[in-house]
Amino acid sequence: INNGESIKLTGEGEVGEKGTSAGDLYITFRIRPEKEFKREGDDILTRAEINIVQAALGDKIDVATLDGKVKLKIPAGTESGQVFKLAGKGVDKLHGRGRGDQLVEVEVKVPKNLTRKGKRLLEELSNEL
């Protein structure tokens, strides 16, 4: 259910006056936003940080989902901003017709304070490219 939507439970409200039948109960939902997950329809949007070595060489990283952590394969040559889809890891669709997906946007973190050795290694790598 989405934020602000209501459901009606027929006959579940208060009993009417002088023994008449119960009325209907309406429940309106307010969904509290989650820091780690953003909902867009039936899909969940998340972000994951990787380092430049993981981006260049590829890796498997842990990603939090609504069902717990799963492994996401990061292929070699991944660029910052690239989005990967975890099929069926989103929100249950209304009336039980499957689930949405989880979309994971990858952000490549570049080191800011490198040691001399780190700078030298990156320069050597740059010369090889």
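Student: In which sense do β4 and β8 pair, and over how many bridges?

Tutor: Start with the general idea: strands of a sheet pair through backbone hydrogen bonds, either parallel or antiparallel. Keep in mind that this is a predicted model. Here, β4 and β8 pair in the parallel sense, over 8 bridges. For a spot to look at, find Arg-47, which stands opposite Glu-105 in β8.

Student: Which residue of β7 stands opposite Glu-105?

Tutor: That's Val-83. β7 and β8 run antiparallel, and 4 bridges join them.

Student: What is the strand order of the open sheet?

Tutor: Read across the 4 strands and you get β3-β4-β8-β7, with mixed pairing. β3 (38-40) and β7 (83-86) are at the edges with a single partner strand each, so one side of each has no neighbour in the sheet. As for twist, neighbouring strands here are turned by 35 degrees against each other on average, direction ignored.

Student: How does β3 run against β4, parallel or antiparallel?

Tutor: Antiparallel, with 3 bridges joining β3 to β4, residues 43-51. One pair to pick out is Lys-38, standing opposite Leu-45 in β4.

Student: Back to β8. Which of its side chains are buried?

Tutor: The general idea first: in a regular strand the side chains alternate between the two faces of the sheet. β8 shows that alternation: Gln-102, Val-104, Val-106 and Val-108 point to one face and are buried. Leu-103, Glu-105, Glu-107 and Lys-109 point to the other face and are not buried.

Student: Which residues make up the largest nonpolar core?

Tutor: The core has 12 residues in all, including Ala-48, Ile-50, Val-63, Leu-72, Phe-84, Val-104, Val-106 and Val-108. To read a core, ask which elements feed it: β4, β5 (59-65), β6 (68-74), β7 and β8 (102-109) each give two or more residues. β8 gives the most, with 3 residues.

Student: What is Val-104 in contact with, leaving aside its neighbours within four places in sequence?

Tutor: Val-104 touches Thr-46, Ala-48, Val-63, Leu-72, Gln-82, Val-83, Phe-84 and Leu-86. Of these, Ala-48, Val-63, Leu-72, Phe-84 and Leu-86 belong to the largest nonpolar core along with Val-104.

Student: β5 and β6 turned up in that list of elements. What do they form together?

Tutor: They form a hairpin, with 2 residues between the strands. β5 and β6 pair in the antiparallel sense over 7 bridges. One bridge to find is Thr-65, whose partner in β6 is Gly-68.

Student: Follow the chain past β6 for me. Where is Ala-76 found, and is Ala-76 buried or exposed?

Tutor: Ala-76 is in the loop between β6 and β7. To decide on exposure, look at the relative accessible area: over 50% counts as exposed. Ala-76 has 55%, so this residue is exposed. Still, leaving aside neighbours within four places in sequence, Ala-76 is in contact with Ala-55, Ala-56, Leu-57 and Gly-58. You can also compare sequence with space: Ala-76 and Lys-60 are 16 residues apart in sequence and 11 Å apart in space, C-alpha to C-alpha.

Student: One last feature. What is the volume of the largest pocket, and which residues are closest to its centre?

Tutor: The volume is about 330 Å³. Of the 14 residues that line this pocket, Ile-31, Arg-32, Pro-33, Glu-34 and Arg-39 are the closest to its centre. The largest share of the lining comes from β3, with 3 residues.

Terms used
Residues are numbered from 1 along each chain as its sequence is written. This is a predicted model: local features need pLDDT of at least 70, side-chain atom pairs count only at pLDDT 80 or more; totals for chains, interfaces and linings use all residues. Side-chain values use heavy atoms; hydrogens and water are left out. Two strands pair if DSSP finds at least two bridges between them. Axes are lines fitted to C-alpha atoms, for helices over the stretch in contact, and angles run from 0 to 180 degrees between N-to-C directions. A nonpolar core is a set of buried Ala, Val, Leu, Ile, Met, Phe, Trp, Tyr and Cys residues joined through side-chain atoms within 4.5 Å. Buried means under 20% relative accessible area, exposed over 50%, partly exposed in between (1.4 Å probe, protein chains only). Contact means heavy atoms within 4.5 Å. On a 1 Å grid over the protein atoms alone, a cavity is a set of points where a 1.4 Å probe fits but cannot get out, and a pocket is an open set with protein on both sides within 12 Å along at least five of seven lines; lining residues have an atom within 4 Å of a point. Grid points are joined across faces, edges and corners, and a volume is the space filled by probe spheres set on the points.
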